[in-house]
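Please look over the structure shown below. The report that follows takes it up feature by feature.

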Amino acid sequence: STVQATMVVNDTTQPELVLFAVDMNNGTLTLEFSETVNISTFDPSALVLLSGNGSSLGFQLTGGTTFGGDIQSTPLRTATVFSVKFVTEDLNALKQTLGLVEDQATSWLNVTSSLIQDMSGNGNVVVPSTNALQAVNFTSDTTSPRLVYYTLSMNFSTHAEMTLVFSETVDVTSVNLTTVTLYSNQSSMATSYNLTGGTVSG
C-alpha cells in the first residue's frame with residue numbers, strides 16, 4: 001500500500017557554480033554546478049570574465065549557446081555540467097583585450113544573480129568580483145587566423161587600398177605585407193606582383 005507524506009520540505013538551496021574552465025581555442029566555457037539546473041533559465045549575460053580576483057578589467061558576455069556536458073531533456077533541458085559557446089563578437093572582443101583570459105592566471109569569473117535556476121526555481125549563488133572564481137583549466141588558442149576575403153581599391157590618385165578580413169581578431173602590428181602576392185587570375189600563367197610594403201591600420 002502507498003503512504004502519503006505527512007510533510008514536504010521544499011528545496012530552498014541555491015545552485016552554486018563550483019568550477020569553470022576556459023577553452024580559447026574552441027571559444028567555450030565549461031560550467032559545473034552543485035546540483036541539477038534548468039538550462040532554459042540560463043542567462044549568459046550574468047557571466048563576467050575578469051583578469052584577476054577583484055580586477056576592474058573584465059568583459060560581460062552578451063550571448064552564448066549551451067551544449068555538451070551531461071545535458072538531458074526530460075522534457076526540460078537539465079544538467080550539472082555543460083559548456084557555453086561564445087558568440088563570435090564576444091570571442092573577438094576577449095582576444096582584443098590584453099591581459100584578459102590569456103592564461104589560467106588571467107581567467108576569473110564574476111557571476112550575478114540571474115545566471116540560472118535549479119529545478120525548484122531557486123536562483124544561483126552570486127559570485128562577487130571581490131571573491132571571483134578562478135578557472136580550473138585553460139586551453140590556449142592554437143588555431144591560426146585565416147584570410148576570409150579581401151577587397152582592393154585603385155580609386156586613389158596616390159595609392160591603392162586593400163582591406164583584409166580575417167576569421168578572428170589579429171594583431172595588426174604583426175601584419176607583414178611583403179608576404180602578400182597579387183595575381184591577375186588563377187591560372188599558372190597569371191601575372192603576379194609581390195607587395196614591397198605599405199601602411200597598416202585597423
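Where is Met154 found? The loop between strand E12 (147-153) and strand E13 (161-166) holds Met154. The model is predicted.

## Surface patch

Met154 counts as exposed, because its relative accessibility is 63% and the cut-off for exposed is over 50%. Met154 belongs to a nonpolar patch on the surface. The other members are Leu147, Tyr150 and Leu152. Together the four residues have about 420 Å² of accessible area.

## Open sheet

One sheet is open and has four strands. Their order is E4-E3-E8-E10, and the pairing is antiparallel. Strand E4 (58-60) and strand E10 (133-134) are the edge strands. Each of these pairs on one side only.

Within this sheet, strand E3 covers residues 47-50 and strand E8 residues 108-111. Four bridges join strand E3 to strand E8, and the two run antiparallel. Take Leu47: its bridge partner in E8 is Val111.

## Aromatic cluster

How many aromatic pairs are there? The count comes to two. Phe33 and Phe82 form a stacked pair. Their ring centres are 5.8 Å apart, with 15 degrees between the planes. Phe33 sits in strand E2 (residues 28-38) and Phe82 in strand E7 (residues 77-85). This pair links distant parts of the chain, 49 residues apart. Both Phe33 and Phe82 are buried.

Phe42 also pairs with Phe82. Here the ring centres are 5.4 Å apart and the planes stand at 85 degrees, so the pair is edge-to-face. Phe42 lies in the loop between E2 and E3, whereas Phe82 is in strand E7. The pair therefore ties together parts that are 40 residues apart in sequence. Phe42 is buried, as is Phe82. Phe33, Phe42 and Phe82 form one aromatic cluster.

## Salt-bridge network

The structure holds two salt bridges. In one of them, the side chains of Asp141 and Lys95 meet, at 3.1 Å from N to O. Asp141 is in the loop between strand E11 (137-139) and E12. Lys95 is in helix H1 (residues 88-96). The two residues are 46 apart, so to speak, in distant parts of the chain.

How accessible are these partners? Asp141 counts as partly exposed, because its relative accessibility is 32%. Lys95, at 24% relative accessibility, also counts as partly exposed.

Lys95 forms a salt bridge with Glu168 as well. The closest N and O atoms of that pair are 2.7 Å apart. Glu168 lies in the loop between E13 and strand E14 (181-183), while Lys95 is in helix H1. The pair therefore ties together parts that are 73 residues apart in sequence. Is Glu168 buried or exposed? Glu168 counts as buried, because its relative accessibility is 14% and the cut-off for buried is under 20%. Salt bridges that share partners join Lys95, Asp141 and Glu168 into one network.

How values were computed:
Residues numbered from 1 in each chain as written. Predicted model: local features only at pLDDT ≥ 70, side-chain atom pairs only at ≥ 80, totals over all residues. Heavy atoms only, no water. Pairing = 2+ DSSP bridges. Patch = residues over 30% accessible without salt bridge, like charges linked within 9 Å, V, L, I, M, F, W, Y side chains within 5 Å. Areas by Shrake-Rupley, 256 points an atom, 1.4 Å probe, with all protein chains shown as cover. Buried < 20%, exposed > 50% of the residue type's maximum accessible area, 1.4 Å probe, protein only. Phe/Tyr/Trp six-rings, centres within 6.5 Å; stacked < 30°, edge-to-face > 60°.
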